[in-house]
Amino acid sequence: MSALPAGPGKGDCEKGERKKSSGGRSGYDTYVLPCVAEFFGTGLFVFTGCASLIENSPGTGRLQPAVAHGFALAISVAITAGVSGGHMNPAVSLGAALCGGLNVFLLIPFWAAQFCGGLVGAGLARAVSSDARFINASGGAFTSIKTDEQVAGALVAEIVMTFYLVLTVCMSAINKQSKTPLAPFCIGLTLTVAILGGGGVSGACLNPARALGPAVVANYWPYHWVYWVGPLIAAVIVGVVLRLLLGDPGIRLVMKTETFA
């Protein structure tokens, strides 16, 4: 006859503690690590984007910056998605928070991390560039808007293109009915398409963190507000659309279930 268990020993207690700790996330993993991931991901993205404009080869037009921005964003999203959701963009974070894909208490810390990453990325681009190329490209800042007459068109372009980008993020990475492992590719490709299609209108920034970094480093501020207002308005519109129309039942606030007479 086998003996009854003698109660948990020291080894059993240690195993139980390890199992308990592995089942939950620490405060660092929950609140700090996602911000660190956003900082590094945004910094690398902004560095690549600014460098692609500063070092743009003659004759390539918008193709080189479009491809560089799209690839850099796709890679940054892919390597940080499991940690922070892979936003790299305050407008994306706002849209994600509005549709339930981000803890609202992390929104401001995410923004702080993204803006700091943008500043560091733009600073690194300045550090590796020659003075002549940096000045010629205004440090990668957005210079498409030259006159007041262009502001309305540029603002609408930023709203429409950022709507496209934030909607792609939310539908491919947050919405359960349309989530796909191809989300990083879809997000990067959307940015590439937006730059190719609308770069001549507004510069196709779609990202306040991408706008702020080079503006600070190059001290270039004309019409800078367009690249904040447009993307943030678009993010709010995406949140409303998902909550009312496009979101899955877990996101939608209306028409969640069918009623039968």
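User: Buried means under 20% relative accessible area, exposed means over 50%, and partly exposed lies in between (1.4 Å probe, protein chains only). Which of these classes does Phe39 fall into?

Analyst: This is a predicted model, where local features need pLDDT of at least 70, side-chain atom pairs count only at pLDDT 80 or more, and totals for chains, interfaces and linings use all residues. Residues are numbered from 1 along each chain as its sequence is written, and side-chain values use heavy atoms, leaving out hydrogens and water. Phe39 has a relative accessibility of 26%. That value lies between the two cut-offs, so Phe39 is partly exposed.

User: How many aromatic pairs are there, and what kind do Phe39 and Phe40 form?

Analyst: Rings of Phe, Tyr and Trp (its six-membered ring) pair if their centres lie within 6.5 Å; planes under 30 degrees apart are stacked, over 60 edge-to-face, and the rest tilted. By this rule there are three aromatic pairs. Phe39 and Phe40 have centres 5.2 Å apart and planes at 80 degrees, so their pair is edge-to-face.

User: How far apart in sequence are the parts that the pair of Phe142 and Tyr227 ties together?

Analyst: Phe142 and Tyr227 form a tilted pair, with 5.2 Å from centre to centre and 35 degrees between the planes. Phe142 is in the loop between helix H6 (131-136) and helix H7 (151-173), while Tyr227 is in helix H10 (residues 226-246). Helices here are DSSP runs (H or I, at least four residues), as are strands (E, at least two), numbered from the N terminus. The pair therefore ties together parts whose separation in sequence is 85 residues.

User: Which helix gives the most to the largest nonpolar core?

Analyst: A nonpolar core is a set of buried Ala, Val, Leu, Ile, Met, Phe, Trp, Tyr and Cys residues joined through side-chain atoms within 4.5 Å. The largest has 44 residues, and those with the most contacts inside it are Leu73, Leu102, Cys170, Ile187 and Leu242. Helices that each supply at least two of its residues include helix H2 (27-54), helix H3 (63-84) and helix H8 (183-202). The greatest contribution, seven residues, comes from H7.

User: Is Ala97 buried or exposed?

Analyst: Ala97 lies in helix H4 (residues 90-98). Leaving aside neighbours within four places in sequence, Ala97 is in contact (heavy atoms within 4.5 Å) with Leu102, Val104 and Leu107. The relative accessible area of Ala97 is 11%, which is under 20%, so Ala97 is buried.
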